[in-house]
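Let's take a walk through this one together, from the inside out to the surface. Have the sequence and the model open side by side.

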Amino acid sequence: MSVAMVTVRKGGTRDVMTAATRKLKVGLEKHGAESVVLSQVVAGPDAGAWVIRILCTSWESYGKVMQAGTNDPAVHEAIAGLDAASEMVSRRLLASLEL
């Protein structure tokens, strides 16, 4: 079962959001995240919002990534960059089952 943290943010330019998310990706993948992906909503009521998805292979992996990330200054710097550029609107955890 994979676990994904999905965060929706509003505001921020493409350049700033891309740079901050790249830093986050480097930091979290170093600690075991499977992937970190930045998307932008292009249609619907949330058009323009940014979506950051952090994917881990299991709950155990997710816990290790989050624990290590809370102690990593580079991850804190990346999050500070995201917070300075955009507002977090929502965050969800998704547990996926392979079919």
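Helices here are DSSP runs of H or I that are at least four residues long, numbered from the N terminus. Keep in mind that this is a predicted model. With that in hand, look at helix α2, where you'll find both Trp59 and Tyr62, three residues apart, or about one turn of the helix. Their rings form an aromatic pair, edge-to-face, with 5.8 Å centre to centre and 90 degrees between the planes. The structure holds one such pair. Its two partners sit in rather unlike surroundings: Tyr62 counts as buried because its relative accessibility is 13%, under the 20% cut-off, whereas Trp59 is partly exposed at 44%.

Now head for the interior. The largest nonpolar core has 17 residues, and Leu24, Leu28, Ile52, Ile54 and Leu82 touch the most other members. Who supplies this core? At least two residues each come from β1 (2–10), α1 (14–30), β3 (50–56), α2 (59–70) and α3 (73–85). Click on Leu24 to get a feel for the packing: leaving aside residues up to four places away in sequence, Leu24 touches Ile52, Ile54, Val75, Ala78, Ile79 and Leu82. Apart from the largest core lies another one, of five residues, including Val6, Val8, Ala49 and Val51.

On to the charges. A search of the whole structure turns up six salt bridges. One of them joins the side chains of Lys10 and Glu87, at 3.8 Å from N to O. Lys10 lies in strand β1 and Glu87 in strand β4, so this pair ties together parts that are 77 residues apart in sequence. Both ends are partly exposed, Lys10 at 46% and Glu87 at 45%.

Another salt bridge links Asp72 and Lys30, with the closest N and O atoms 3.0 Å apart. Because Asp72 lies in the loop between α2 and α3 while Lys30 is in helix α1, parts 42 residues apart in sequence are tied together. Is each end buried or exposed? Asp72 is buried, at 6% relative accessibility, but Lys30 is exposed, at 56%.

Back in helix α2, Lys64 and Glu60 form a salt bridge with 3.2 Å between the closest N and O atoms. These two are four residues apart, about one helical turn.

Last stop, the outside. Met1, Trp59, Leu93, Leu97 and Leu99 form a nonpolar surface patch with about 650 Å² of accessible area together. Leu97, in the segment after β4 (87–96), is exposed at 61%.

Note on methods
Residues are numbered from 1 along each chain as its sequence is written. This is a predicted model: local features need pLDDT of at least 70, side-chain atom pairs count only at pLDDT 80 or more; totals for chains, interfaces and linings use all residues. Side-chain values use heavy atoms; hydrogens and water are left out. Patches are made of residues with over 30% relative accessible area and no salt bridge: like charges are joined within 9 Å, nonpolar side chains (Val, Leu, Ile, Met, Phe, Trp, Tyr) within 5 Å. Accessible areas come from the Shrake-Rupley method with a 1.4 Å probe; for residues, only the protein chains shown count as cover. A salt bridge is a side-chain nitrogen of Lys or Arg within 4 Å of a carboxyl oxygen of Asp or Glu. Buried means under 20% relative accessible area, exposed over 50%, partly exposed in between (1.4 Å probe, protein chains only). A nonpolar core is a set of buried Ala, Val, Leu, Ile, Met, Phe, Trp, Tyr and Cys residues joined through side-chain atoms within 4.5 Å. Contact means heavy atoms within 4.5 Å. Rings of Phe, Tyr and Trp (its six-membered ring) pair if their centres lie within 6.5 Å; planes under 30 degrees apart count as stacked, over 60 as edge-to-face and the rest as tilted.
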